[in-house]
Amino acid sequence: MNNRIVIPPMCQYSAGEGQANEWHLAHYGNLAMSGAGLMIIEATGVSPQGRISYGDLGLWDKNTAHTLSKVISFIRLHSDLRIGIQLSHAGRKASTDLGWKPHQYFQPDEPHGWQIYAPSAIPFGAHGSQILNKRGDKVHYYSICRSSETGTFHRHRHGGNTWCTWIPDTPIPFTDHKQTDR
Ligand SMILES: Cc1cc2nc3c(=O)[nH]c(=O)nc-3n(C[C@H](O)[C@H](O)[C@H](O)COP(=O)(O)O)c2cc1C
């Protein structure tokens, strides 16, 4: 790194179907010229169900990888700062409205909602959840592979705030009731 100034991950709630667009180009392009040593791209869903909201960035298939790659490639034309990405799964806090709107959960049958997956069925607020199967560990793995293809340097797995509590080595006892091969 050129210096120790780090831009933390900041959700933009501006993606469509997980795909980056002109907003991300302008936003990350601008931050990349700031002189910071490392920029960490916002919480990026490892699966559609793992997004906080329907506007979250994602990295779960070729389309999401391709659109994010375009942003990274553009930055690379102008800046050599290190780029990281926060791979996340919102678990019990998924399927909510955009960050600047009044906080609310969407039920699976609502237009912007889906069935959420979490390491326990303990609801967060009024939100019910479905117990996650071990598929979770795999989607993280696939996303990590895809993020290498996009040219990011540092991968930060989001396991804080009781979100992505299916990371095998970081159990959160109150809400993590799944059985894994730890
Ligand atoms: C608009 C906004 C979006 C954020 N999105 C994320 C995020 O995607 N992932 C995360 O871990 N933290 C997120 N945060 C928290 C920041 O990364 C950071 O940790 C927080 O702002 C505290 O840093 P500060 O003390 O320098 O302000 C967000 C904060 C803001 C203001």
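1. Helix α2 (62–78) has 17 residues, which at 1.5 Å a residue should span 24 Å, and its end C-alpha atoms are 25 Å apart, which agrees. The expected span is 1.5 Å times one less than the number of residues. Helices (H or I, at least four residues) and strands (E, at least two) are DSSP runs, numbered from the N terminus.

2. This is a predicted model, in which local features need pLDDT of at least 70, side-chain atom pairs count only at pLDDT 80 or more, and totals for chains, interfaces and linings use all residues. Residues are numbered from 1 along each chain as its sequence is written.

3. Buried residues of α2 are Thr64, Ala65, Thr67, Leu68, Val71, Ile72 and Ile75. Buried means 20 or more other C-beta atoms within 10 Å of the residue's own, exposed 12 or fewer, and partly exposed in between, with C-beta atoms placed from the backbone.

4. The largest nonpolar core (buried Ala, Val, Leu, Ile, Met, Phe, Trp, Tyr and Cys residues joined through C-beta atoms within 7 Å) has 20 residues. Among those with the most contacts inside this core are Tyr28, Met39 and Ile75. Five of its residues come from α2, which gives the most.

5. Glutamate 17 lies in the loop between β1 (6–7) and α1, and its phi is near 55°, a positive value in a residue other than glycine. Glutamate 17 counts as partly exposed because it has 13 C-beta neighbours inside 10 Å.

6. Serine 95, in the loop between β4 and β5 (117–118), has a positive phi near 65°. With 25 C-beta neighbours inside 10 Å, serine 95 counts as buried.
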